[in-house]
Amino acid sequence: MIKNRKAEKGIFLSEEEYSRLENKLGKEEVEARIARLSHLKKTGGRPEKLKSDFQALLAMGARPIDPLKSTAQIESMKRMLTAPRDLFLFDFGINTGLALGEMLQLTAGDVRGKKELFTKKNGTRVPLNKSLRNKIFTYTASMENEEYLFSSSKTKKPLQRDRANKILKSAAEQAGLQKVGAHTLRKTFGYHFYKRYGDASFLQELFNHSSHSVTLKYIGVLEEETASAMEEFSL
């Protein structure tokens, strides 16, 4: 007999199907799609042509995550992140553009007294600005070198990605912001860095993208620039 993992939410998946989805999409995305499909079932919006819930979940597109494009949005998020760890996670992400998974593995010794970091994926140099260095000094003042910057208060191990994502989403909801998630931090960094310096090459390398256009689309600039160009275009 096949065990149904998500029958309690009205979603019928075997353990094997859930595992396949998790390996392909990541746990966070799978759970988000399950919640959406559950809602569609309750409202009668589930696609009839897809025979199984597994097929329906696989066919779903990921919901877009946007950068925070205004200073007001950034400040709203900061006001909602009242715990020092959560606020520092946000500050660190929007000032470095590092991937969340890489940030969560950092220790105090990795960043204290440093002016730059190097990404693990491709060794890209990431400067730490003066403001962030000051925040690092204050935040790590009482930490041992081997302590994780963003650790669970219970286990002292790195905060789980799912937990960090929930913290960001909760703060966004309180701030009245939508389309905020794990990628918002580096997208926000990328958006404002590009707007200030117009350097897509650095961002492409940092994000390990295949082209400038991929990077500009990722940070939400390509659509803006296309719309602006079309506004002035006339034959």
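This passage walks through the overall build of the protein, one of its helices, its nonpolar cores and a buried loop residue.

The structure is a predicted model. Its secondary structure comes to 13 helices and two strands. Taken along the principal axes, the C-alpha atoms fill a box of roughly 65 × 55 × 35 Å. Of the 235 residues, 41% count as buried. The accessible surface comes to about 14000 Å², and carbon and sulfur atoms account for 50% of that area. As for charge, the protein carries 41 positive and 29 negative side chains, with the centres of the two sets lying 2 Å apart. Contacts across the sequence were also examined: among those between residues at least 6 apart, 57% join residues at least 24 apart.

Helix α5 offers a good place to look more closely. This helix runs over residues 84–96, and its 13 residues should span 18 Å at 1.5 Å a residue; the end C-alpha atoms are 18 Å apart, which agrees with that expectation. Helix α5 is mostly covered, with 10 of its 13 residues buried. The buried positions are R85, D86, F88, L89, F90, D91, F92, G93, I94 and T96, a list that holds charged residues such as R85 and D86 as well as nonpolar ones such as F88 and L89. Just after the helix, G97 takes a positive phi of about 80°.

Two of the buried α5 residues, F90 and F92, reappear in the nonpolar interior. The largest nonpolar core has 48 residues, and the members that touch the most others are M77, F90, F92, L149 and F150. Once neighbours within four places in sequence are set aside, M77 is in contact with L68, F90, L168, A171, A172, A175, L177 and V180. A second, separate core is made up of 11 residues, among them I11, L13, Y18 and M60. In soluble globular proteins, nonpolar side chains tend to be buried together.

What does T140 touch, beyond residues up to four places away in sequence? This threonine sits in the loop between α8 (130–139) and α9 (161–174). With a relative accessible area of 0%, T140 falls under the 20% limit and therefore counts as buried. Its contacts outside the local stretch of sequence are A108, R112 and L149. L149 is also one of the residues that touch the most other members of the largest nonpolar core, so the loop residue T140 is in contact with a member of that core.

Terms used:
Residues are numbered from 1 along each chain as its sequence is written. This is a predicted model: local features need pLDDT of at least 70, side-chain atom pairs count only at pLDDT 80 or more; totals for chains, interfaces and linings use all residues. Side-chain values use heavy atoms; hydrogens and water are left out. Helices (H or I, at least four residues) and strands (E, at least two) are DSSP runs, numbered from the N terminus. The expected span of a helix is 1.5 Å times one less than its number of residues. Buried means under 20% relative accessible area, exposed over 50%, partly exposed in between (1.4 Å probe, protein chains only). A nonpolar core is a set of buried Ala, Val, Leu, Ile, Met, Phe, Trp, Tyr and Cys residues joined through side-chain atoms within 4.5 Å. Contact means heavy atoms within 4.5 Å. Accessible areas come from the Shrake-Rupley method with a 1.4 Å probe; for residues, only the protein chains shown count as cover. Lys and Arg count as positive and Asp and Glu as negative; His and the chain ends are not counted. The place of a charge is taken as NZ of Lys, CZ of Arg, CG of Asp or CD of Glu.
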